[in-house]
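Work through the exercises below with the model open. Try each task before you read its solution.

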Amino acid sequence: MSEIKQTFNSSLGKKLIMALTGLFLCTFIIVHLGGNLFLFKDDQGYGFNVYANFLTHFPPIKVVAYLLYACILVHALYGLVLTLKNRKARPVAYASQNKAPASWSSKNMGLLGSILFLFIVIHMGDFWYKYKFTHSVGYKEYRTDVLTNQTTVTDFVPVDPTFEHSSTTANDVEIVRVKDIHTLVSTSFHNVWYLILYVIAMGTLAFHLLHGFQSAFQTLGWTHRKYTPVVKFIGTWFFAVIIPAGFALMPIVYYFFR
Amino acid sequence: MNLTLKVWRQKNANSSGKMVTYKAESISPDMSFLEMLDVVNESLTLKGDEPIHFDHDCREGICGMCSLYINGRPHGPKSAITTCQLHMRSFHDGETITIEPWRAGAFPVIKDLAVDRSAFDRIQQAGGYVSVNTGGVPDANIIPIPKVIADEAFNSATCIGCGACVAACKNASAMLFVSAKVSQLGMLPQGQPERWSRVQAMVAQMDAEGFGSCTNTGACEAECPKGITLINISRMNNDFFSAKLFREEKVHDHSGGSE
């Protein structure tokens with residue numbers, strides 16, 4: 001046990017934890033973006049609401065969700081510990097500005113990470129907490145005629161406030177009653193402050209991942225003449241451009257076009 | 001050339017220092033940076049002042065003794081050279097040059113611009129060697145080594161241990177130095193017997209000396225006078241995790257005989 005403890009207490013061990021939790025968060029964010037693409041579908045929130053219900057009720061996802069919360073906390077905590085230790089390694093600062101040609105994002109991961117952590121706390125407080133632990137989220141009832149594929153939506157007020165979800169069929173009509181997180185998201189995204197917060201947070205995410213994704217591979221020692229350019233390409237274009245742009249488009253589309 | 005120098009002056013390790021401004025007059029652009037400091041020191045000595053203390057030795061870029069953080073860059077504004085190879089033609093007449101010692105908790109200032117880099121020596125002593133048993137002299141080329149391995153190991157071995165990587169790093173991390181020393185031996189056949197113990201011992205000593213950790217900014221490789229690259233750090237990380245997590249370090253217990 002002490003040998004394993006020694007490994008993870010070394011400077012490289014702490015970096016290993018940063019790299020592994022960071023890469024796990026990178027895979028999570030792909031799934032998160034994929035699922036949230038339902039927001040772009042103009043179906044009065046049906047797809048998004050059913051997806052949100054699936055996420056909170058499918059047991060394997062619930063298990064992974066706890067792993068995810070742990071990863072966020074460990075990544076933030078180790079980031080803080082490493083940053084403080086790194087500050088201590090240079091007790092007397094230079095008088096002149098360091099002119100080494102290192103990228104801005106690589107030198108400001110602590111700052112970027114702090115902004116992201118703050119964003120995650122606000123973001124989870126607004127949606128995840130309200131959805132899971134309060135009864136402030138309303139319900140919608142979707143009636144779909146399976147023959148004509150016509151869907152009508154009405155607000156639904158359950159008798160029991162702990163009601164979560166039901167899916168029944170009467171004659172040829174499919175009735176889905178589900179918690180209406182979509183309206184909450186839509187209301188938030190029509191607030192200009194949310195729009196600004198989300199766009200800034202996604203800009204921060206872009207710079208964090210621009211350095212972070214490829215840095216994790218370097219920390220793990222997975223560099224190779226053939227594969228490192230591929231890793232850097234994915235880190236730049238997929239993680240630092242497509243993913244943050246996809247997320248940022250959601251509040252932009254809702255604010256200006258819905 | 002006439003220059004204004006802002007130099008860190010510090011009496012000894014226990015006193016606090018400060019930046020002092022000096023004039024450097026009638027400097028030839030063909031002088032090296034250290035020769036310019038020699039001229040300044042000569043005038044200070046004539047005035048009865050204490051000369052500026054700085055490290056230097058070979059003055060041809062191979063010993064790793066000279067240092068100096070010049071205008072925000074270790075070894076000055078040019079790349080892939082040491083301070084002794086930097087010439088005054090790289091500056092313009094009337095320029096103000098800020099000269100500071102390497103800044104790191106693990107590199108305490110001895111006096112003025114000279115720092116104590118014996119932390120590097122202790123890291124080397126922890127494992128930066130190959131143990132060779134005495135005996136008959138083997139033929140030099142008896143162990144086949146692929147050209148690419150020999151070249152990579154040689155590139156790592158060009159590290160002169162000057163500490164510019166630590167000085168340039170925002171975390172004062174010694175990862176580039178340590179990884180070059182680990183790599184140069186870890187890649188060659190002669191370094192294999194101690195490969196896994198070496199990387200663990202050297203990293204442990206690096207941590208004990210109080211260097212920061214690596215955030216892969218790449219400032220070190222940009223400032224290294226010998227062009228040591230980040231690939232060394234990646235290689236060392238790989239070896240370290242391999243040694244810590246997967247290698248058997250002790251013989252399995254056969255004493256019981258019950259199985």
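## Exercise 1: a helix of chain B

Start from this result in the predicted model: B:Phe33, B:Met36, B:Leu37 and B:Val40 are the buried residues of H1(B). Task: decide on which side or sides of H1(B) they lie, and what they pack against.

Solution.

1. Take the arc. The buried residues cover only 95° around the axis, which puts them on the same side of H1(B).
2. Recall the geometry. An α-helix makes a turn every 3.6 residues, so residues three or four places apart point the same way.
3. Turn to the other side of H1(B). There B:Glu42, B:Thr45 and B:Leu46 are exposed.
4. Find the packing partners. The buried residues of H1(B) pack against strand S1 (3–9) and strand S2 (18–24) of chain B.
5. Check the length. H1(B) runs over residues 33–46, 14 residues in number, so at 1.5 Å a residue a span of 20 Å is expected; the end C-alpha atoms are 20 Å apart, which agrees.
6. Look past the end. B:Gly48 follows H1(B) and has a positive phi, near 85°.

## Exercise 2: a helix of chain A

Task: find the buried residues of H3(A) and say what covers them.

Solution.

1. List them. A:Phe48, A:Asn49 and A:Ala52 are buried.
2. Look down the axis of H3(A). These residues fall within an arc of 95°, so they line one face of the helix.
3. Name the cover. It includes helix H6 (109–133), strand S1 (139–145), strand S4 (173–179) and helix H7 (181–189) of chain A.
4. Check the length. The 12 residues of H3(A), 46–57, should span 16 Å, and the end C-alpha atoms are 17 Å apart, which agrees.

## Exercise 3: the cores

Task: identify which residues of the largest nonpolar core touch the most other members.

Solution.

1. The core has 92 residues, and the ones sought are B:Cys165, B:Val166, B:Leu176, B:Phe177 and B:Val178.
2. H8(A) gives the most to this core, with 11 residues.
3. Follow B:Phe177. Beyond its neighbours within four places in sequence, its contacts are B:Phe120, B:Cys159, B:Gly161, B:Cys165 and B:Val166.
4. A second, separate core has 7 residues, including A:Leu39, A:Phe48, A:Ala52 and A:Tyr254.

## Exercise 4: the contact between chains

Task: describe the contact between chain A and chain B, then the side that chain A gives.

Solution.

1. Count residues. Chain A gives 34 and chain B gives 40.
2. Find the elements. Helices H2 (11–36), H4 (59–88), H5 (104–107) and H8 (192–220) of chain A each give two or more residues.
3. Pick the leader. H2(A) gives the most, with 5 residues.
4. Sort the chain A side. It divides into 14 nonpolar, 13 polar and 7 charged residues.

Definitions and conventions. Residues are numbered from 1 along each chain as its sequence is written. Chains are lettered from A and ligands numbered from 1 in the order in which they are written. This is a predicted model: local features need pLDDT of at least 70, side-chain atom pairs count only at pLDDT 80 or more; totals for chains, interfaces and linings use all residues. Two residues are in contact if their C-beta atoms, placed from the backbone, lie within 7 Å. Helices (H or I, at least four residues) and strands (E, at least two) are DSSP runs, numbered from the N terminus. Ala, Val, Leu, Ile, Met, Phe, Trp, Tyr, Cys and Pro count as nonpolar, Asp, Glu, Lys and Arg as charged, and the others, Gly among them, as polar. The expected span of a helix is 1.5 Å times one less than its number of residues. A residue is buried if 20 or more other C-beta atoms lie within 10 Å of its own, exposed if 12 or fewer, and partly exposed in between; C-beta atoms are placed from the backbone. The arc is that of the directions from the helix axis to the C-beta atoms. A nonpolar core is a set of buried Ala, Val, Leu, Ile, Met, Phe, Trp, Tyr and Cys residues joined through C-beta atoms within 7 Å.
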